[in-house]
Amino acid sequence: MKLKSLSAIFLLFAIGPAIRAAEVVLVKEGVAASVLVVGAEVMAPNKKKSRSASLSEREAETQRQRLRESVLDLARVLGKMSGAEIEIVHAAPAAGDRRLPVFIGAPAEKKFGVPGTKMRGKQGYRVVAAPSGVGLLGESDLATSYAIYEVLDRLGCRWYLPGEMGEVIPQKKTVTLPPMDESLTPGTLSRGIWYADDAYRRRNRMGGLLLSAAHALEINNYITKEQFAAHPEWQALVGGKRVTSRICWASEEAAAAVAEGILRSLDARPVPTISLSPEDGTKFCECEACKALDPGDWDPTMRTVSITDRYIRFCNLIAERVTKKYPEVLFGFLAYVQYTRPPTRETLHPNLVPQIAPITHCRAHTMLQKDCPSRPIIRSIVEGWRRRAKHLSYYNYMFHIAEVAVPYPMIRQMSEELPILYENGVDLWQPETMANFESVLPGFWLTIRMAWFPKAKPDEVLDEFFANFYSAAAAAMRKYWMLFDDAWTSVPEHAGCGFGYGKRFPPEFMKRARAAMDDALAACRTDPEKQRVTMQDESLKQFELFMKLREDLFGAKFATIGADAARYLERQKALSEQYAAQYAFGKAKWAPETIAGRYFKSFFLQAYDDAARIAKDFEMISPSLRAWRFAVDKEKKGESLGWHTPEFDDTAWKTTDPCLDTWFSLGLDSYYGAMFYRSVVKAPAIPAGKKVFLWISSTDGEAKVFVNGRHLPWVNEKGEKKEAFSGFCTPASFDITDAIQPDAGNQITIVGTHAFINELGTGGLIGPVLVYREK
C-alpha cells in the first residue's frame, strides 16, 4: 500500500471549523449529515455454530461478524468524535432525506462497482467519497472492514492498546472527507498478534491470508502407526534407535506417505493451508542417508551443521504431490533451530512458505549491531530465504525470553529491522507475543503499524504514538521508554531470562528510571493520560520489586526475600486482573499464576524460598561469594592438572561475578563443557557439633564441589550420594563440615557446566554462593 507520511495524512484530513467546498460532509456542527447503508444480512445476529461446517463456511461467518462490528464501530466512533447520532439502515435514504448515504459492502459495490485492486486472500478494497455518497467496499467482508478503518484511520482515530484505555478519538463537531476514489491493498499479506481482543485486531486491520505453520507434522498422523510399523525405515534414527516421533526426511517413500495422508485430510475437509513444521525440539534423524543430504552449512548458534536442505527436499516432495490435486494450498513451515538457515542447494516449491523463527538468536540487540554475536546473522538468513521463496513470513519474538515482565520497548530493534525485513520481501508478519502490552507497548505499536504500512518511517510512527497516547506526558514517557531501550541495546549482554539483569539494570539505572517515571506522573493533565502512565508506573514498581529480589539475593540479604517473592507473585496476579482488558501483566488461561509468574516460579522462586529457609533456620558465616577466577576445561584435564587444589596458581585466570556475568557475556555461549570456578572464603570458629554447608543459589547444568582440594559429594533428600549436583535453576547445599577449616582461608572450587542446548545463553554458576551453618 502506498503511504503518505503520517504527518501529511493528518494535514490532509484535519478538520477545521470551516468546510472546504469540495469536501464530503459526514457530520456538520454536531448533527449527522450522513447515514450508514448496509445489507440486513451483514447486521444479523451470530449464526449457530455447526460442527459440520467447512473451514471456509466458518471463516465466512467470522468475517461477516467482523464486518458487522466494523459498521457498529463506524457509527460509534463518528458519534464519539462529534456528538452526532449516526443511523444504520438497510436501504438508501428516501427522497427528501438530505443525509449523505455511506454505502457499505454490497450496496457500495452496486453503486460504485468493484475495487480496482485484488490481493491474495481477497484483501483488495475501495474507498469512494463523492457528492452522491461514500462507498466502502472490498473483495470480501474482511476487505470491506479494512475500508471502514481506512476512513477512521485517516480521520486520526487510533487504538494503541486493547481496551478503552488505548483508544484515541479526535474531537470535532464537523467531520468531512476530501473527494476520493482509491482502490487499495494492505502492505502485507498477513498481520498477526497472539494476545489481544477481537476489537483491537479488527481496528488495527490484522488478519489476512491464512498460513498454518505450527509444530504439527508428526502429531497430525499423516503416517499411521500401521505404516510406521510396516516401514521402520521411515522412522527417524535418534540416539541409535528408530522413533515414530520423528520422520526420516531422506525417505522419499515417507514423503509420499505424508503427501497421501495430507490428500486424505484435504479430501475430507478442504483447508487453504497445511503446516509441515515438525514437532518442537532439537533431535532429528541421524541416519547416514539424512546426513548425506546436508551440504555442511554451519549454524553457529546451534553449534551444528544446518539440516535445512534435507528438510526442504522432504517438503518439496510432499508439495509436488499434493498440489497436483490442490494447486492453491499453501504449506507453511517454521525455519527454526537446526533448520533456521536457508537452504544452500534446494529451491523451494512455490507453495512452500517459510516462517523465519530465530529462537536461538539474541533478543536484546539489532541486526545492525555487529558486536552482537548472533543477532546480525538473522539478516543474512532473511536475505537467503528471500532468494529461494516466493513468500516469506517472519515470526519475531516480541518478548524477552523466559522473563516477560521487564520493560522491553524494542524501539531501536524494530526501527532498524522492520525496514530491512520489508525490503527483503517479508509479506507475512506473524510474531509470537505475550499478554504483555505493559512491557512492549512502543514496539508492539511500531510493528502493528508498519505491518500495514511497510514503507512508513519508524520515527514518524513513534512520534505520533508518544504525542497522541501520552499527550502532556509524552516527553517524560519517551525518556522513560528510551532509558530501557538504550539499556537493552547498549549493554553487551545477550542472555535470556533475568540472569543478565544485574549488569543491564544496576541500582543506578533503576534510580534514573524511577525519576523519569515520577516526571511523567507529574506531567499528566487528563484522566486518560494518568491512566496510561499509571499502568507503566505499576509495571515499573513490579520490576523494581523484581530487581530488589535480585540485589537481595546477590548481597545475601535474606531477611525479607521469601515474603518479597510471595508479594511479587500476588501483585503480578492482581495487576493481570486489573489490566485484563489491556492484555497486560501476563494473564493467560494456561498460566494461572500469570505468564510472568510462571517464569518467576521456574527460574527464581526456588532460590528465594531456599534463601528464606537459610535465614530462618541457619546462620550465614560468609558474605556472598561473587569474586571468582575461572577457566574453561575444553580438554577435560582440569582435575588431572590440579585445578581444584589449594596450591594451584590461578592468578593468570580471568575473573567473573556470576551475579552479573553470564556465559554469553563471557563469550562462551557456544561452549557446552565444564568450567572451573575458584574462590577463597574465610570461615569463623565453628561451634562443636554444628554442620557447615556450601550453598549454590542457582546453576545451569551440573555443579561439582571441592573444598581445600577435597571432593565433596552432593547428598539428596534420600541420603543418596552423587558426585555432582544436577538441577537447572535449583539451589543446592553441600555438607562441607569435614573439609572446612575454621579461622582460615578455605579454597573453594566449583566445576560448572552448560549441559543443555537452550536459548538462554547461561552456563555454570548463575547466582551467588555462600557458606552457612546450623544455629
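Me: Contact means heavy atoms within 4.5 Å. Leaving aside its neighbours within four places in sequence, which residues is His644 in contact with?
Reply: The model is a predicted one. In it, His644 is found in the loop between strand 24 (628-633) and strand 25 (654-656). Once the neighbours within four places in sequence are left aside, the residues in contact with His644 are Glu639, Phe676, Arg678, Phe706, Gly709, Gln747 and Thr749.

Me: Is His644 buried or exposed?
Reply: A residue counts as buried under 20% relative accessible area and as exposed over 50%. The relative accessible area of His644 is 11%. Therefore His644 is buried.

Me: Thr185 is also found in a loop. Why does Thr185 count as buried?
Reply: The loop that holds Thr185 lies between strand 11 (180-184) and strand 12 (190-191). Buried means under 20% relative accessible area. Thr185 is buried because its relative accessible area is 18%.

Me: Which strands stand at the edges of the sheet with six strands?
Reply: This open sheet has the order 4-3-5-7-6-11, and its pairing is mixed. An edge strand here has a single partner strand, so one side of it is left without a neighbour in the sheet. The strands at the edges are strand 4 (88-89) and strand 11.

Me: Within that sheet, which residue is the bridge partner of Val38 in strand 5?
Reply: Strand 3 (residues 34-38) and strand 5 (residues 100-104) run parallel and are joined by five bridges. Val38 has its bridge partner in strand 5, and that partner is Ile104.

Me: Which residue of strand 10 stands opposite Val24?
Reply: Three strands form another open sheet, in the order 2-1-10, with antiparallel pairing. Its edge strands, each pairing on one side only, are strand 2 (31-32) and strand 10 (175-177). Strand 1 (residues 24-28) is joined to strand 10 by three bridges. The residue of strand 10 opposite Val24 is Leu177.

Me: Which helix gives the largest share of the largest nonpolar core?
Reply: In soluble globular proteins, nonpolar side chains tend to be buried together. The largest nonpolar core here has 200 residues, and those with the most contacts inside it include Ile104, Leu136 and Phe600. Its largest share is ten residues, and these come from helix 12 (residues 437-452).

Me: How many residues does the other core have, the one that lies apart?
Reply: Among the residues of this other core are Leu625, Trp663, Ala732 and Ile740. It lies apart from the largest core, and its count of residues is 30.

Me: Which helix gives the most to the lining of the largest cavity?
Reply: About 120 Å³ of space lies in this cavity. Helix 4 (141-154), strand 8 (158-159) and helix 12 each supply at least two residues of its lining. The residues that line it include Tyr149, Trp159, Trp445 and Trp452. With four residues, the element that gives the most is helix 12.

Me: How many charged residues does the lining of the largest cavity have?
Reply: Among the lining residues are Asp153, Arg158, Arg203, Arg205 and Arg449. By class, the lining has six nonpolar residues and one polar residue, and the number of charged residues is five.

Me: What is the volume of the second largest cavity?
Reply: The structure holds seven cavities of 30 Å³ or more. By class, the lining of the second largest has seven nonpolar, four polar and two charged residues. The volume of this cavity is about 80 Å³.

How values were computed:
Residues are numbered from 1 along each chain as its sequence is written. This is a predicted model: local features need pLDDT of at least 70, side-chain atom pairs count only at pLDDT 80 or more; totals for chains, interfaces and linings use all residues. Side-chain values use heavy atoms; hydrogens and water are left out. Buried means under 20% relative accessible area, exposed over 50%, partly exposed in between (1.4 Å probe, protein chains only). Two strands pair if DSSP finds at least two bridges between them. A nonpolar core is a set of buried Ala, Val, Leu, Ile, Met, Phe, Trp, Tyr and Cys residues joined through side-chain atoms within 4.5 Å. On a 1 Å grid over the protein atoms alone, a cavity is a set of points where a 1.4 Å probe fits but cannot get out, and a pocket is an open set with protein on both sides within 12 Å along at least five of seven lines; lining residues have an atom within 4 Å of a point. Grid points are joined across faces, edges and corners, and a volume is the space filled by probe spheres set on the points. Ala, Val, Leu, Ile, Met, Phe, Trp, Tyr, Cys and Pro count as nonpolar, Asp, Glu, Lys and Arg as charged, and the others, Gly among them, as polar.
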